[in-house]
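Biologist: Hi! Could you walk me through this model, starting with the words I need?
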Amino acid sequence: MSRASGGGGSRPPGWRRWIRVIRRDPMEEVDDELRYHLEMRVEDYMRKGMGEEEARAAARARLGDLREVRRELEGLSAVESRVERRREWLSEARQDIRYGIRTLLRSPTFSSMAILTLALGIGATTAIFSLVYAVLLAPLPYPNPDRLVRVWETSPQGSIRNVVSSGNVTDWQERARSFTVLGAHRGSYSQTLTGDGDPLRVVTMDLQPQVMRALNVPPALGRTFTERDAVDGGVAVLSHAFWQTRYGGDPEVLGRRVTVNDLPYTIVGVMPGGFEFPTDGVDFWLPITSDGFDPTERTSHNYSVVARLAPGVTVEAAQAEMTSVAGQIAREHPAEMTGWSARVVPLHTDLTRNVDALFWVLLGGVVVVLLIACGNLANLLLARAVSREREMAVRGALGAGRSRILRQLLTESGLLAVLGGAGALALAPFLLRVLISVAPGSIPLLDRAVIDLRMLGFTAAAGLGCALLFGLVPAIRASRSDLLSALRSGRDASVSGHTRLRSGLLTIQVALSVVLLVSAGLFVRSFRALQGTEIGFDPSGLVLMDVDLPMERYPETPEQVSFYDQLLHRVAAMPGVRSVAGTSQPPGSPDHMTFSFAIEGRVPSNPNGREDDEPLHAVTPGYFETLDRRIVRGRAFDANDLADGTPVVIINESLARKHWPQGDAVGQRIAFRVGETPWREIVGVVEDARLESPDAPQEPAIYIPFAQKTWTWLSWMTVMARTAPGTHPLALGEGLRSALLELDPELPPQSITTVEAAFRANTAPRRFAMTLVGGFGTLALLLSIVGLYGLITYSVARQRREIGVRIALGAQAGNVVGGVLKHTLLLTLAGTGAGVLGALAAARFLQGLLFGVSALDLPTYILTVGLVATVALLTALLPAARAARTDPVRALASD
Amino acid sequence: MFQDDRGLLQGTLELLILKALSWDPAHGYGVARWIEGATDDALRVEEGSLYPALHRMSAKGWVESEWGVSENNRRARFYRLTPKGRSQLREKTRGWRRMVETVGKALAAPEHPGMEEA
């Protein structure tokens, strides 16, 4: 039987052309379907000769229980319509994407510029975010790192991050209940490893076993320190990196004996890779033993403290307890501890305290650039939306709903964002590498920054955000367009509305640019201020070499002095050396050795019978001359200031002002330990110098001759050689090293640095901030100019007819140009005004990052506004001039 | 014939529908007429059950439906076989043949001697 003879199944004409326009209630459709079936069956039966009533009854019977069938179909249609909707949505999405790709391909310049802009913007944002994440957001690599805190002393002089005395550490450990464990450690320093191959400089850190317990990271090999080690000492724990490089990852390394600064240690453990404390670069951790840790010492502040909060204890609760514990201690030891307290701060916060603000400012800056870029894209899409208004109106008339049109337009911007995001992903790792390579080495945790899945998520979110930002405004605008007027006129109807919207967008862009440019200007002025700072000495051509004599072989001051004497003589004789001197405190380094002292014949200002602690430098004769520092009163040290000579001291102007404001310091006497040391006579006052860094605060300082030091443990010295003009500072390196080895072949090779390099490193964060924020500001300005040029060119083109009419009616070229410039000027004024307000709001985030300039620096604001206004008007001039040359006949004839 | 046995009916009905749609798209009534003609009306399919079957098959992606205009210029829902439905048809036809063969062979075997006693 052939199928064609069956009554109901012949091919429906135009099957594919039938598009269902509106969605109906599925049950209505089911009923339609069943009714159709019944009617067809009735007709069929009647054709076979039944009466209508009979045919109807027969058809019903043949169909079965109609109610049952309906119920069954009701359940099914719910499932079905879901499937149907999904399929429809997918097919529409496919359509939109195909259409979107075609649209993008039709204007390849626009598309590639848009994608490139987005790729750069999102890529840079991702790269900076990955830095922020690595440094500020990602947890520290210890178990439950948010429970780790630092506890500092706060001093009566206002230091809120003062290192702690061993007496206080001991009392805190006994009294504080807020911590499961609290331990002290020293700063890391460089020592000599011998007795196991060639002598080698290693970085070691002394810590109490409690520190390792607080950190709670299990060793990769062997063990960490126990309470026993704090008594016996003589054991060492290795870093993973040192284990790998020095011992090739040998598992038999446990039990090996090494000598550090002539003291024997047995290796008992290796920490896992990635373990760092306090930051990377430590090779050996050594236990602090009780004989080197005086539980009654209150005036010598030497230790950093790390602690783990007890379960359920908040930082605030711990702070409250420590404040009360510190209060008790101050009451028990009023002489030493009056005015001192304690401060509890999360370890992570403490570690990143110097870069916290900088990184948030950088992230803010790059996001603002991205916003401006999105603004440009929105503007371009808006312009395009106008030219496509007719297309949209026609599609609307053909039954495409507003949401459908909206979706299609969003698909287009979504495509741009996806492509831009893909480009960003390709760019981000590269940008991140560049950022890390130019970032100052002093930023902690930076090496953790990677572009990983998390960053991928961030990129995707940024891309989506962008697509919504620059896609939604034009899309809503376009889908709302008035059908009739668009079809009737084809243009002009909503042009003024568009221009208003675009002008609004551009105003925001200009405002954001002003915020960035003001910030950039402030950073540049900071840096200029830094370079212009009077530092009080000449850092150029100064070469530094650290020497550390092991106490075991040079236990007494005379031996140390004689060693350094010989060394300095040898260096002075080297060609290319103009002068040489030694100091315990190298320029460019932040380490301070501070001492309190008493002034002869004065009532001490502090209850402990002393004056405030001040930085002390032990230096050789020639120190002031080598640094080019000016003695303002009295004399410098000379070769006669020896151990058996009159004890002398030189102070800087800050200290002289502080204690002898009348200028009568020279001839006065001070002592570091009352009763133990003879009084030291002040023989000179030296001009202040910023030795650590140009942006370091100017502090008082005391200088003594190295030969007159009374502390044998002060066995280190930094040799400073001033090179003669024409000699490269680092060319001296080999000569300096061999001079050292000729005197003592067991001393390891030293690293040679220059003061200028140290200064560069110290000011690197400022240069980093200035470069990046300056770059952001420049980009912002460029993007805004491009946007402005586009807008003005566009609006001039749109008003061509109107301008033509005005010219035909006798308007002067000047009037036309004036009209365009007025528009620009208004826009610029609004933008810069809002920008200045924004910059003022941002100022409080910036102030902490600036040097020598206020965040409200008027010249910066005036210059920025002037620059933006000038550039805006110049940008507008070209299209304005073109408008003035409009030929009225041609303008009116066209369109 | 199959009216008491929904499970068997269901599979068979679906197979017949697939076959009915294998030539051209058709509306439900067309499918009913085809089954009626092709089986000489021997099955007496309860036509109401056609529609749930069609909708189930649509949910399973064997058929697609769209509203169109029928040969007498009335709105009707047309069903069409998807590629998935086409491969179902092949598979189910094979399965049916195998079953008929197997059951036939079983019925042709001699009766079990102990049957009467059981």
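Modeller: Happy to! A residue is buried if 20 or more other C-beta atoms lie within 10 Å of its own, exposed if 12 or fewer, and partly exposed in between, with C-beta atoms placed from the backbone. This is a predicted model, where local features need pLDDT of at least 70, side-chain atom pairs count only at pLDDT 80 or more, and totals for chains, interfaces and linings use all residues. Residues are numbered from 1 along each chain as its sequence is written, and chains are lettered from A and ligands numbered from 1 in the order in which they are written.

Biologist: Let's try that out. Is N73(B) buried or exposed?
Modeller: N73(B) counts as exposed because it has 8 C-beta neighbours inside 10 Å. N73(B) sits in the loop between β2 and β3 of chain B. Helices (H or I, at least four residues) and strands (E, at least two) are DSSP runs, numbered from the N terminus.

Biologist: What is the phi of N73(B)?
Modeller: Phi of N73(B) is near 65°, which is positive although the residue is not glycine. Most residues other than glycine have a negative phi.

Biologist: And L445(A), buried or exposed?
Modeller: L445(A) counts as buried, because 20 C-beta neighbours lie inside 10 Å. Its phi is near 65° too, a positive value in a residue other than glycine. L445(A) belongs to the loop between α14 (402-438) and α15 (453-479) of chain A.

Biologist: Back to chain B. What pattern does it follow along the sequence?
Modeller: The pattern of chain B is α-β-α-α-β-β-α, with four helices and three strands. Of the 118 residues in chain B, 36% are buried.

Biologist: In what order do the strands of the open sheet in chain B lie?
Modeller: The order is β1-β3-β2, with antiparallel pairing. Two strands pair if DSSP finds at least two bridges between them. β1 (26-27) and β2 (63-69) of chain B are the edge strands, each pairing on one side only. Between β2(B) and β3 (residues 75-81) of chain B there are seven bridges, in the antiparallel sense. Across that pair, G68(B) stands opposite A76(B) in β3(B).

Biologist: Now the meeting of the two chains. How many residues does the contact take from each?
Modeller: Chain A gives 34 residues and chain B gives 33. Two residues are in contact if their C-beta atoms, placed from the backbone, lie within 7 Å.

Biologist: Which elements of chain A give two or more residues to the side that touches chain B?
Modeller: They are α1 (26-47), α2 (52-63) and α3 (66-106) of chain A. The largest share, nine residues, comes from α3(A). This side of chain A divides into 15 nonpolar, eight polar and 11 charged residues. Here Ala, Val, Leu, Ile, Met, Phe, Trp, Tyr, Cys and Pro count as nonpolar, Asp, Glu, Lys and Arg as charged, and the others, Gly among them, as polar.

Biologist: Different topic: which residues are buried in helix α21 of chain A?
Modeller: In α21 (residues 733-743), L736(A), A739(A) and L740(A) are buried. Seen down the axis of α21(A), the buried residues fall within an arc of 95°, so they line one face of the helix. That arc is taken from the directions from the helix axis to the C-beta atoms. An α-helix has 3.6 residues a turn, so residues three or four places apart point the same way.

Biologist: Which exposed residues are on the face turned away?
Modeller: E734(A) and E742(A) are the exposed residues there.

Biologist: What covers the buried residues of α21(A)?
Modeller: The cover includes β13 (542-548), α18 (557-572), β23 (716-723) and β24 (752-754) of chain A. In β23(A), seven of the eight residues are buried, so this strand is largely enclosed by the rest of the structure. β13(A) and β23(A) pair in the antiparallel sense over seven bridges, and L542(A) stands opposite R722(A). β14 (residues 577-583) of chain A also pairs with β23(A) in the antiparallel sense, over six bridges.

Biologist: Last one: where is confidence lowest in chain A?
Modeller: Among the elements, helix α16 (residues 483-489) is lowest, with a mean pLDDT of 52, whereas strand β12 (residues 341-346) is highest, at 96. pLDDT is the predictor's confidence in each residue, from 0 to 100. Chain A averages 85, and 92% of the residues score at least 70.
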